[in-house]
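Here is a short briefing to read with the model open beside you. Take a moment to turn the structure around before going on.

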Amino acid sequence: MSVAIVTGASRGIGAAVAIAAARDGYSVCINYLHSEDHAQAVRAQIESAGGKAIVVRGDVAVEEDVTRLFEQSAAELGEVTALVNNAGILEHHDRLENMSTERFRRVFNTNVIGSMMCAREAIKRMSTHNGGIGGSIVNVSSMAARLGAPNEYVDYAASKGAIDSLTIGLARETGDCGIRVNAVRPGVIYTDIHASGGEPDRVERVKAGVPMLRGGTAEEVADAVLWLMSAQSAYCTGTFIDVSGGR
Ligand code: NAP
């Protein structure tokens, strides 16, 4: 049985990935931090379509929460075969010289250290070197890793640059233990994350600069994630898919 843990799956891209994974036959562990109602709604949608899902609250930036997330998922669904490191945050648009050190730490704790702790737990459980059956990790990076997000959130862009390096390094490190590590780089996608930056309608402002002249949907990102999770991408590791309308 295929079991997917999707971090930050209560809303946005993570919710779309959880729903698509269940559609494709995965039992899904829906992780969330604050939005219990949204997470339960994702579970209800999966179950009403005949799928299997559980909801586990946990902060990916807190080690005990990450450990418990993987333990609970294994106990209730079976051992993890796919991890989607999706949980991510950004803060208000600003220039770096105005940002606090605490902000840098918040962004990196969730986006980078959270992803690394989840990857570590997944690798311990999936690695054929440890008696596991292998698996797939998909990291949700961002086009910001390449564009830098000047005057908006350079700190966030730097955290996604770290995710790109993590993807390359882990892919090479785990290539001989049955694990593939890939990433998607979404462009501007219609989700609530832009409200965290202080501009809920950011996609409307930015889309004129996208070659395809529109923002993307969470479902379009989920389709790329699901392909990277699936056997159809069996010979891909350390690969990136830009889901950005050509931006
Ligand atoms: P979103 O709508 O703001 O949703 C964020 C999700 O992450 C929520 O489910 C939230 O849970 C969860 N989360 C936040 N901090 C968490 C933590 N510490 N522990 C566990 N869960 C946590 O964001 P989104 O737009 O879907 O973004 C998802 C990923 O795509 C992020 O990594 C983001 O950087 C990346 N991305 C997004 C875009 C875009 O344009 N939307 C573009 C490029 C990359 P609660 O609601 O329960 O707090």
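How many salt bridges does the count come to? The count comes to 20 salt bridges, and three of the pairs are described below, after a look at the overall fold. Please keep in mind that this is a predicted model.

**Overall fold**

- The protein's secondary structure consists of 9 helices and 7 strands.
- Its C-alpha trace spans about 45 × 40 × 35 Å along the principal axes.
- A compact globule of 247 residues would have a radius of gyration near 18 Å, and the 17 Å of the protein agrees with that.
- Of the 247 residues, 51% are buried.
- Among contacts with a separation of 6 or more, 72% are between residues 24 or more positions apart.

**Surface and charge**

- About 10900 Å² of the protein is exposed, and carbon and sulfur atoms supply 52% of that area.
- There are 23 positive and 29 negative side chains.
- The centres of these two sets of charges lie 3 Å apart.

**A salt bridge between two loops: Asp192 and Arg11**

- The side chains of Asp192 and Arg11 meet in a salt bridge, with 3.6 Å from N to O.
- This pair links distant parts of the chain, as the two residues are 181 residues apart.
- Asp192 sits in the loop between β6 (179-186) and α7 (193-196), while Arg11 sits in the loop between β1 (3-6) and α1 (12-23).
- Both partners are partly exposed: Asp192 has a relative accessible area of 49%, and Arg11 has 38% relative accessibility.

**A salt bridge within one helix: Glu121 and Lys124**

- Glu121 pairs with Lys124 in a salt bridge whose closest N and O atoms are 3.2 Å apart.
- Both residues belong to helix α4 (residues 101-126), where they are 3 residues apart, about one turn of the helix.
- Is Glu121 buried or exposed? Glu121 counts as buried because its relative accessibility is 8%, under the 20% cut-off.
- Lys124, in contrast, counts as partly exposed at 46% relative accessibility.
- Glu121 and Lys124 also take part in a network of salt bridges, together with Glu63 and Arg120.

**A buried salt bridge: Arg202 and Glu152**

- Arg202 and Glu152 form a salt bridge, and their closest N and O atoms are 3.0 Å apart.
- Arg202 is in helix α8 (residues 202-206) and Glu152 is in the loop between α5 (144-147) and α6 (154-174), so this pair ties together parts that are 50 residues apart in sequence.
- Arg202 is buried, with a relative accessible area of 7%, and Glu152 is buried too, with 11%.

**Val6 and its surroundings**

- Val6 is part of strand β1, and this residue is buried, with a relative accessible area of 0%.
- Which residues are in contact with Val6, leaving aside its neighbours within four places in sequence? They are Gly14, Val17, Ala18, Val28, Cys29, Ile30, Asn31 and Val84.
- For one of these contacts, Cys29, the C-alpha atom is separated from that of Val6 by 6.2 Å, with the two residues 23 residues apart along the chain.

**Loop positions to look at**

- Ala231 lies in the loop between α9 (218-229) and β7 (240-243), and Ala231 counts as exposed at 70% relative accessibility.
- The C-alpha atoms of Ala231 and Ser136 are separated by 9.5 Å, although these residues are 95 residues apart along the chain.
- Asn151 has a phi near 65°, a positive value in a residue other than glycine.
- Asn151 is placed in the loop between α5 and α6, where its relative accessible area of 48% makes this residue partly exposed.
- Leu213 likewise is not a glycine yet has a positive phi, of about 60°.
- Leu213 belongs to the loop between α8 and α9, and at 58% relative accessibility Leu213 counts as exposed.

Terms used
Residues numbered from 1 in each chain as written. Predicted model: local features only at pLDDT ≥ 70, side-chain atom pairs only at ≥ 80, totals over all residues. Heavy atoms only, no water. Helix = DSSP H or I, 4+ residues; strand = E, 2+ residues; numbered from the N terminus. Rg over C-alpha atoms; globule rule 2.2 N^0.38 Å. Buried < 20%, exposed > 50% of the residue type's maximum accessible area, 1.4 Å probe, protein only. Contact = heavy atoms within 4.5 Å. Areas by Shrake-Rupley, 256 points an atom, 1.4 Å probe, with all protein chains shown as cover. Lys, Arg positive; Asp, Glu negative; His and termini not counted. Charge placed at Lys NZ, Arg CZ, Asp CG, Glu CD. Salt bridge = Lys/Arg side-chain N within 4 Å of Asp/Glu carboxyl O.
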